[in-house]
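Me: I would like to go through a structure and ask on what grounds each description of it rests. Please set the values against the criteria.

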Amino acid sequence: MKGRMKKLLAVTVAGMMTVGMLAGCGNNVSQESSTEDSTETKGETKEVSIWHYFEHEATALEKIAEKYNELQDDIHITCTYVSREELMKQYTIGAVSGELPDIGMVDSPDMASYISLGVFEDIDDEIKDWGDLDQFYSGPLSSCMDSEGRLHGLPNNSNCLALLCNMDILNAAGIENPPTTWDEFYEVCQKTTNAADSVFGFAMCAIGNEEGTFQYIPWLYSAGADVTTLDSAEAANSLDFLSKLVKEGLMSKEVVNWGQGDALNAFAAGKAAMLESGTWQIAQFDSGDVELDCNYKYALLPKDKADASVIGGENFGVCTGSDAKEECAEFLKYMMTAENNADWCEIAGKLPVRADATELKSFWTEDERYAVFNEAMNYAVARGPHESWPTISEAIYTAEQAALLGEKTGEAAMKDASLVVNPILEEVPIATVE
Amino acid sequence: MTLKSKMSIVAKKRLEGYGFIFPGFLYVIIILGYPLIYNIILSFKDTSVKNFAKGGSVFIGFQNYAELFQDPTFLLVLKNTFVFTISCLVIQFTIGFLFALFFSQKFTFAGPIRGLILIGYMMPMSVTAMLGKNMFGVTEGVINDLLMKVGLINAPVEWLVSSSTAMIAVIAVNCWVGIPFNMLLLTSGLTGISEDVYESASLDGANQFQRFFYITLPLMKSSILAVLMLGFIYTFKAFDLMFIMTSGGPLNSTDVLGTYAYTLSFTKYEFSKGSAAAIVLFCCLFVIGLFYLRLISKEDD
């Protein structure tokens, strides 16, 4: 009995170890996509799958897909929601196994890496003659290009960052208007911070991932630096300014663990007077996902040397191995016509990626909240595009965290970041569009 | 029976034996062997986002390993992994053992209460990690609130915010899961010891301590070894807890081999380096596994 028990335990241990091995090395055995088998014959309707991570926008996307399904008989589109984390992992695994959807959605700064990994097809030949391309804003469009400037997809929507103010708190502190410069901003932070009620002047997201970099970029550019000049005094200044807010208790140290949603929750709970807020958050207020029971006002982010913001947004690309590459590219064009882009962005509460789409509706200029973002887009910079953007981004958010936690001065933190970033950019500079 | 026919029966039996282990062997080769070997090969190349699709990745020998062991971040991660594993092991084994002994006493509700303690173990790790994240919050976390009310601290501790305390919080949450697990396995070991042994020992005049050190511990040796082994493996390859609770931060202070290898491969697309980190993780566990198998086979002899 005892011997058997021991053997049983030994087997269990061996089993656990093998599980450990698998967890360590998550590589899939190559499998060919089964969806490809069903659509051998030509002339029939091809099944096309779209993977996306839209949540409240999902119905709007499905509507466009259904409309297109009725319009033509070449392809039939099915949209599948995959959580963002999972989707990114699937692309990486799919790069090895070939198991990819026909059309995939991706966060714009990640696109360059996935193009490099071979996840997205080169569809430059299919869409370069499409006259509408001139209408696309260069920032979002460039994020769909490889290092040679060839298109692998189309941008779908844009967003950027602005300053959201709780006017009740600001007015109570005797402030009439949102701050416009760093000095004013600092003063407002001081006046609105109330340590006794744990109300902070400002909340942002400084978490250790892409979101943290996204929210930091405007401060970096506003100080007069950019990703190529991290070792400059201006870059160090931008970090020192934010660290000062934390050190003086004007911003919670917990921002280093806050995603943008967490920071928004703090603002909505009245625990912060101002928030670095993204375009998509307006839709969250309007739909009631996040309840704001205060008077609020959007303004451009405060500026030091220059106005600055950062471009976010999603792209759609045709994935490698799709047997309906041309048809998929056609659908992307259809989805991104001026009318469709305008309709879709209005429903989803996003900014269009085409100049002519913005002009189609008064939505983005009449709603004064969207108007602020529309203006901020003029100053918004793109992240990358660069195939090693995740590594660059890691260096930046690590520097920010080290400074905010008081472990390094802004200068030392930025020096370390530049030691990582500069060699990468020397080897392959960030692609620029004329 | 002639010698010849006897031989053929032996040979037949042997063949039959191979037939039985063949499916298992095949399973191991395909499901475990292939990815493992693929991973080892990958760790000796320089595959990354730069040359993945374009091709042109070459063998670079042990360069990935050399770079890893010169990288201060990796050394910190390695240290974190051992600090995390050993602290968790010591705490959860000690408390788990005490609980097991305590609940083996026959008092009312011993069974139901033991069952309730298991809830921590039954909960999905992702839920536990989210709970931990909220409980260790600085201003609104219940842990700080309790400690302040009891008077142990004057100001809130910056648990997950500070790189010096984040590891403590993660260890605490992991122990919360590990204690019931240890208790459960050790309880089954305890019930395996016959009452008669204790009875005759007390007749011979052995006191409580003697009974524990000379009867309970030696008879529990195999269960204890198994618990420590399972605990080590389970803790050493921790991933989900850190991934959800801290994402390895702040500043890599709670990054362990599992999360670090994931970040390298899936966030930074440095596939070869990620594989190398995973192989380091595997080697550590492999050594421990061999050590355990030796102990087990020694005992069987």
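Me: At what angle do helix α3 and helix α8 of chain B pack, and how far apart are their axes?

Reply: The model is a predicted one. In it, helix α3 (residues 72-104) of chain B packs against helix α8 (residues 166-191) of chain B at about 40 degrees, and their axes are 6 Å apart.

Me: Why are α3(B) and α8(B) called oblique to each other?

Reply: The angle is about 40 degrees. Roughly parallel would require an angle under 35 degrees, and roughly perpendicular begins at 65. The pair falls in neither range, and α3(B) and α8(B) are therefore oblique to each other.

Me: Which hand does the crossing of α3(B) and α8(B) have, and what classes of residue make up the contact?

Reply: The crossing of α3(B) and α8(B) is right-handed. The contact of α3(B) with α8(B) has 18 nonpolar and nine polar residues, and no charged residues.

Me: Why does Phe109(B) count as exposed?

Reply: Phe109(B) has 10 C-beta neighbours inside 10 Å. The limit for exposed is 12 or fewer, so Phe109(B) counts as exposed. The residue sits in the loop between α3 and α4 (110-117) of chain B.

Me: What is notable about phi of Phe109(B)?

Reply: Phi of Phe109(B) is positive, about 70 degrees, although the residue is not a glycine.

Me: Where is Asn252(B) found, and what makes it buried or exposed?

Reply: Asn252(B) is in the loop between α12 (240-245) and α13 of chain B. Its count is 22 C-beta neighbours inside 10 Å. Buried takes 20 or more, so Asn252(B) counts as buried. Asn252(B) also has a positive phi, near 65 degrees, and is a residue other than glycine.

Me: Why is Tyr65(B) called partly exposed?

Reply: Tyr65(B) has 17 other C-beta atoms within 10 Å. Buried needs 20 or more and exposed 12 or fewer; a count of 17 lies in between, so Tyr65(B) is partly exposed. The residue belongs to helix α2 (residues 63-70) of chain B. The C-alpha atoms of Tyr65(B) and Ile113(B) are separated by 48 Å, and the two residues are 48 residues apart along the chain.

Me: How do you know that Ile117(B) is partly exposed, and which residues does it touch?

Reply: Ile117(B) has 16 other C-beta atoms within 10 Å. That lies between the limits of 12 and 20, so Ile117(B) is partly exposed. Ile117(B) lies in helix α4 of chain B. Leaving aside residues up to four places away in sequence, Ile117(B) touches Phe99(B), Pro180(B) and Met183(B).

Me: What makes Ile117(B) and Phe99(B) a contact, and how far apart are their C-alpha atoms?

Reply: The criterion is C-beta atoms within 7 Å, with C-beta placed from the backbone. Ile117(B) touches Phe99(B) in that sense. Their C-alpha atoms are 9.6 Å apart, and the residues are 18 residues apart in sequence.

Me: How many residues of each chain take part in the contact of chain B with chain A, and which helices of chain B supply residues?

Reply: The contact takes 44 residues from chain B and 39 residues from chain A. On the chain B side, α1 (3-43), α11 (221-236), α13 (257-267) and α14 (271-300) each supply at least two residues. α14(B) gives the most, with nine residues. By class, the side of chain B that touches chain A has 28 nonpolar, 11 polar and five charged residues.

Me: What are the domains of chain A, and how many residues of each enter the contact of the two?

Reply: Chain A is divided into domain 1 (43-158 + 312-377) and domain 2 (161-310 + 386-427). Their centres, taken over C-alpha atoms, are separated by 29 Å. The contact takes 16 residues from domain 1 of chain A and 19 residues from domain 2 of chain A. On the domain 1 side, α4 (108-116) and α17 (368-376) of chain A each supply at least two residues, and α17(A) gives the most, with six residues. The residues on that side divide into eight nonpolar, five polar and three charged.

Me: What kind of peptide bond joins Gly384(A) and Pro385(A), and what is its omega?

Reply: The bond is cis, with omega about 0 degrees. Pro385(A) is placed in the loop between β11 (380-381) and α18 (389-404) of chain A.

Me: What can be said of chain A as a whole?

Reply: Its secondary structure comes to 19 helices and 11 strands. Of the 434 residues of chain A, 50% count as buried.

Technical notes: Residues are numbered from 1 along each chain as its sequence is written. Chains are lettered from A and ligands numbered from 1 in the order in which they are written. This is a predicted model: local features need pLDDT of at least 70, side-chain atom pairs count only at pLDDT 80 or more; totals for chains, interfaces and linings use all residues. Helices (H or I, at least four residues) and strands (E, at least two) are DSSP runs, numbered from the N terminus. Ala, Val, Leu, Ile, Met, Phe, Trp, Tyr, Cys and Pro count as nonpolar, Asp, Glu, Lys and Arg as charged, and the others, Gly among them, as polar. Axes are lines fitted to C-alpha atoms, for helices over the stretch in contact, and angles run from 0 to 180 degrees between N-to-C directions. Angles under 35 degrees count as roughly parallel, over 145 as roughly antiparallel, 65 to 115 as roughly perpendicular and the rest as oblique. A crossing is left-handed if the near helix is turned anticlockwise from the far one by less than a right angle, and right-handed if clockwise. Domain bounds come from an automatic or database domain assignment.
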